[in-house]
Amino acid sequence: MICINKEAKMSRNKEAKIRTDQPNNKRLLVQVGAIFVIIFVIIISVITALVVKGNLSTYLEAKKELLTPTLLRNRNKLMNIRHYEWFLEYWAEHPEVICREPAESDMQKYVDSNIEISSGNVQLTLEELKALDPELQSVIASQVYYNFSLDMNLSQWQLNNENLFCMNIGDSHPGFVYVYAVMTDELLNGSEDALYIFSGGAVIDLHDHPAIQTLKNGKFDSKQSQTIFERYDNPKDGEYYYYGYIPIYVDNEPRYVIGIAHQWSDFHSQMMVQLAVMGIGSALIIAAAAAILLFYIHRAAIRPLKKIQRGMKNYMENKDSRQVETDMNHILQHNEFGDLASNLTSLAAEMDRYTEENSRLAGERQRVETELTLAAGIQNGALPDEFPSESDYNLYASMTPAKEVGGDFYDFFPIDETHVGLAIGDVSGKGVPASLYMMISQLLIRQNARAVSSPAEVLARSNQAICENNKLEMFVTAWFGILDRTTGKVTACSAGHEYPIIKKPNGNFELFKDRHGFVLGGMETSKYKEYELTLEPGSVLLVYTDGAPEATNAKNELYTTDRMLEALNRHPDLNPKELIEALKEDINGFVGDAPQFDDLTMLCVKYIGNGK
């Protein structure tokens, strides 16, 4: 029972791990849904703003068309009053008098005067009117006001949510002349700060309104009937107004305005309700559209993507392209996901082929490396590695290839009991071909040195043999010398090789500029001339390939023979092995991290002489 429970628990853990390893693509749905909602909100907000602006413009334009005739009609009524300039000026100067009912004594004076007022018109000349008693003028003005306000009230009765008013906008007497509302002391005091509209119980300051300033500062023709409309939102009472003004001219200057204050707060409230309904409806539409879109995205994109992820994960674990092809065949969409599945199937097959090719190439590379290792071993075996330390001379040599195998060689061998052959060469090129050419060149020089005693003849015969079968057109620079152990005399010949370096007893290392012949393998009929130099006891001879002076650092600077001489002269008393090791260390310090460009080969002989 314990075993069964343990196996069931392990199975559940394995299933949970599989579910955990499945790709989770809900993030993509959330991101797409968020972007979709943002785009829809922006679109609906723009549409709503355009609709609100359009509806409001249409509403206010229609209201303007409706109110303009009323403004014109009331202005014409006022201007049809005889001596309306006197009437308006008196009204502005004495609002507290003209808007109240006259006293009985004043009314009796008016009755006794027999002055006729018909439809607001006083049957007197302007001079006669101004010459009347002030109490009588006030009664006449009140009667004119009564007739005019009666007409205004009739006009107001035909309007809806509008207040008619007449306002003085002159510089000398700013303030209200008439307003269709309950009169208050604030409206009747006529002060300069009383440029207000009284509407709905609230006093609204219009003193700095652009429309009023336009009317005050404008120069209009008295025959014009220009109207100005403006919108005003009152932050004090939270109401919305639409004002229309039309000027009344005195001496061809706008002195008064007939105005209408339309309150459209109800329309604004209704519009806000409609916007709220529209917003709720839009939100529902967005939610439904988002749900449909996300469902489609999940079906058309997320499912195929999960299958592709699962297939690629299986391929990374199993490296089975046939299983990938089976997994991808279930993706039947004729869109980019179907193309992606097909491409991934091809990629998996190509990866398999690439892996197989890589394995094959790795095997080939391993085989080549093994063969190069064997070739390097064979090359090293061809170079002598036991260096003589005789009583009359010491010798040491070193060859460091730039690649696994190199094209440089050195050689030393006894010719007879008193003569030793010394050779060094540098084959053009690198790698395996150069190493094969190097071994052939080394063997030819050694064989010819044992057949003839002249270094010039040794190089001439070796050159002929190389030229006979030089299909690769390679060549060799070589130096060959024969050391007479009894006298220290060296008979040598150079086939285009580097100058030797010689140090005499108690002297410095110096270049010995010998005569060069043509390289081996360059021309079959080449002739070579040998020369002689004598090594006194304690003298040192160093020959080398161009890998030493032409060693290059990271700045592309050459090591040069001058640096070689400086390094050698810092250690003049070292034996051949120590001298070569010190020179190699100095070259490596100069080159630094730069890669080795050429093979580096050196051979050094120190002549001691008999009895030393």
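The following exercises, each with a worked solution, concern a predicted model.

**Exercise 1. Strand β19 and its neighbours**

Determine which strands pair with β19, and in which sense.

*Solution.*
Step 1. Locate the strands: β19 covers residues 600-607, β10 covers residues 393-400, and β18 covers residues 540-544.
Step 2. Examine β10: this strand and β19 are antiparallel and are joined over eight bridges. Within this pairing, Ala-397 stands opposite Leu-603, and Met-399 has Thr-601 as its bridge partner.
Step 3. Examine β18: its pairing with β19 is also antiparallel, over five bridges. Here Leu-542 is partnered with Cys-604.
Step 4. Conclude that β10 and β18 both pair with β19 in the antiparallel sense.

**Exercise 2. Enclosure and the nonpolar cores**

Decide whether β19 is largely enclosed or open, and find which residues have the most contacts inside the largest nonpolar core.

*Solution.*
Step 1. Consider burial, for which the relative accessible area must be under 20%. In β19, seven of the eight residues are buried, so the strand is largely enclosed by the rest of the structure.
Step 2. Turn to β10, which is mostly covered, with seven of its eight residues buried.
Step 3. Consider the largest nonpolar core, which has 48 residues. Leu-422, Leu-459, Trp-479, Phe-480 and Leu-603 have the most contacts inside it. A second core, separate from this one, has 35 residues, among them Leu-60, Val-139, Tyr-242 and Ile-258.
Step 4. Link the results: Leu-603, listed among the core residues with the most contacts, is the residue opposite Ala-397.

**Exercise 3. Aromatic rings**

Classify the ring pair formed by Tyr-410 and Phe-412, and state which residues make up the cluster linked by ring pairs.

*Solution.*
Step 1. Begin with the whole structure, in which a search finds seven aromatic pairs. In the pair of Tyr-410 and Phe-412, the centres are 6.5 Å apart and the planes differ by 10°.
Step 2. Apply the cut-off: planes under 30 degrees apart count as stacked, so the pair of Tyr-410 and Phe-412 is stacked.
Step 3. Extend the view: ring pairs link Phe-387, Tyr-396, Tyr-410 and Phe-412 into a cluster.
Step 4. Check accessibility: Tyr-410 is buried at 6%, and Phe-412 is buried at 9%.

**Exercise 4. Cysteines**

State how many disulfides the structure contains, and whether Cys-467 and Cys-493 are buried or exposed.

*Solution.*
Step 1. Recall that a disulfide is a covalent bond between the sulfur atoms of two cysteines.
Step 2. Record the search result: zero disulfides are found in the whole structure.
Step 3. Compare each accessibility with the 20% limit for burial. Cys-467 has a relative accessibility of 19% and is therefore buried. Cys-493, at 1%, is buried as well.

**Exercise 5. The largest pocket**

Give the volume of the largest pocket and identify the helix that gives the most to its lining.

*Solution.*
Step 1. The volume of the largest pocket is about 190 Å³.
Step 2. Its lining consists of 15 residues; Ile-587, Asn-588, Val-591, Gln-596 and Leu-600 lie nearest the centre.
Step 3. Helix α16, residues 576-591, gives the most to this lining, with four residues.

**Exercise 6. Positive phi**

Find where Asn-506 and Thr-560 lie, and whether each is buried, partly exposed or exposed.

*Solution.*
Step 1. Most residues other than glycine have a negative phi.
Step 2. Asn-506 has a positive phi of about 60°. This residue lies in the loop between β15 and β16 and is exposed, at 85%.
Step 3. Thr-560 has a positive phi near 70°. Its place is in helix α15, residues 560-569, and at 28% it is partly exposed.

Conventions: Residues are numbered from 1 along each chain as its sequence is written. This is a predicted model: local features need pLDDT of at least 70, side-chain atom pairs count only at pLDDT 80 or more; totals for chains, interfaces and linings use all residues. Side-chain values use heavy atoms; hydrogens and water are left out. A disulfide is a pair of cysteine sulfur atoms within 2.5 Å. Buried means under 20% relative accessible area, exposed over 50%, partly exposed in between (1.4 Å probe, protein chains only). A nonpolar core is a set of buried Ala, Val, Leu, Ile, Met, Phe, Trp, Tyr and Cys residues joined through side-chain atoms within 4.5 Å. Helices (H or I, at least four residues) and strands (E, at least two) are DSSP runs, numbered from the N terminus. Two strands pair if DSSP finds at least two bridges between them. Rings of Phe, Tyr and Trp (its six-membered ring) pair if their centres lie within 6.5 Å; planes under 30 degrees apart count as stacked, over 60 as edge-to-face and the rest as tilted. On a 1 Å grid over the protein atoms alone, a cavity is a set of points where a 1.4 Å probe fits but cannot get out, and a pocket is an open set with protein on both sides within 12 Å along at least five of seven lines; lining residues have an atom within 4 Å of a point. Grid points are joined across faces, edges and corners, and a volume is the space filled by probe spheres set on the points.
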